[in-house]
Structures are given as structure tokens and as C-alpha cells.
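Open the model in a viewer and keep the sequence panel visible. The stops below say what to select and what is there.

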Amino acid sequence: MQLDPGAVVEGRVTRVTDFGAFIQFENGETGLVHISQIAHSFVRNIHDHVREGENVEVKVLGRDERGRLDLSIKELLEEPEEVPRPRAIGRQSPQFEAKLRSFMRDAKERTSGGGGKKGPAPAKRKK
């Protein structure tokens, strides 16, 4: 069994931790699938994705400086279509902001019954 970078092999999950899953291969060698290499989406709980004792197919990413195998399940999954993100709304023009403040102030005065504009002033009577 070749465990060279890029190889796709099957192994058994021997241990699941908060940071990843350990996979053992037929030749007895063990590697780690880090939690960031489990799925394309954010993985909050690794136990929702892999269980001890199950067989999984992994891609060998390489070996670290200590010779340990780095593995990925995510690399073998189809990448989901990117959902368009909502555009951020920038600051409005100063004129709009001033009109909005004026509108909100007038609305507050009308609903609170407090002073301020109450409509046209009553006509003065001539004597």
C-alpha cells in the first residue's frame, strides 16, 4: 500500500478527538485527518461526521516534519456551490441621513404629543 502524497486510500477510524480523527491503514500505519479537513463547511462537532470503527476513504496530503501522515476527507468531497453573500450596505449620503433624522424626530414628536411642529399655525383673527 502506497501512502504517498495524492494517494487515495481506505482506512479505519481508530480514535476521534476534538481536533481530528486518527485513521489506521492495512499496513498498520496511522495518520490524522485534522478537523479542518473533514468537510467544506465549518465542523462544530467532529462526531457528527466520523465515528470510531467506521471505514473511510481519505487522500494523503503528505507527511509533517516528524513523518506523520496528514490526511483529508474534504479533498475527496465535491465542493459545494458558493452561495452569494449579501452585499454590505455602505453609508448613505449625508443628505439622506439628514432627511432620515428629521423624519424620525418629527415622527417621535407627533407620537409623543410633545411640542414641535403640529401643522400650520392657526390663523390670526382680525379685529
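**From the first hairpin to the core**

Begin by selecting β1 and β2, which run antiparallel and are joined by 5 bridges. The model is a predicted one. The connection between β1 and β2 is a hairpin of 2 residues. β1 covers residues 8-17 and β2 covers residues 20-24.

Two bridge pairs are worth labelling along these strands. Arg12 has Gln24 of β2 as its bridge partner. Thr17 is paired in the same manner with Gly20 of β2.

Stay on Thr17, which lies in strand β1. Is Thr17 buried or exposed? Its relative accessibility is 13%, so Thr17 counts as buried, the cut-off for buried being under 20%. Show what surrounds Thr17: leaving out residues up to four places away in sequence, it touches Phe22 and Ile46.

Now select β2 alone. How much of β2 is buried? The count is 4 of its 5 residues, so β2 is largely enclosed by the rest of the structure.

Next, add strand β3, residues 30-34. β2 and β3 run antiparallel, with 5 bridges between them. Gln24 appears again here, with Thr30 as its bridge partner in β3. The hairpin formed by β2 and β3 has 5 residues between the strands. Select Gly28 in that turn to find a positive phi of about 90°.

Zoom out and show every strand. What do the 5 strands form? They make a closed barrel in the order β1-β2-β3-β5-β4, and the pairing is mixed. From one strand to the next, the twist averages 50°.

Then turn to the side chains. The largest nonpolar core contains 21 residues. Select Ile23, Phe25, Ile46, Val58 and Leu71, the residues with the most contacts inside this core. β1, β2, β4 (55-63) and β5 (69-72) each supply at least two residues of the core. As background, nonpolar side chains in soluble globular proteins tend to be buried together.

For the last stop, centre the view on Phe25. Which residues is Phe25 in contact with, leaving aside neighbours within four places in sequence? They are Met1, Leu3, Val9, Glu10, Gly11, Gly31, Val58, Leu69 and Leu71. Val58 and Leu71 in that list are also among the core residues selected at the previous stop.

Conventions: Residues are numbered from 1 along each chain as its sequence is written. This is a predicted model: local features need pLDDT of at least 70, side-chain atom pairs count only at pLDDT 80 or more; totals for chains, interfaces and linings use all residues. Side-chain values use heavy atoms; hydrogens and water are left out. A nonpolar core is a set of buried Ala, Val, Leu, Ile, Met, Phe, Trp, Tyr and Cys residues joined through side-chain atoms within 4.5 Å. Buried means under 20% relative accessible area, exposed over 50%, partly exposed in between (1.4 Å probe, protein chains only). Contact means heavy atoms within 4.5 Å. Two strands pair if DSSP finds at least two bridges between them. Axes are lines fitted to C-alpha atoms, for helices over the stretch in contact, and angles run from 0 to 180 degrees between N-to-C directions.
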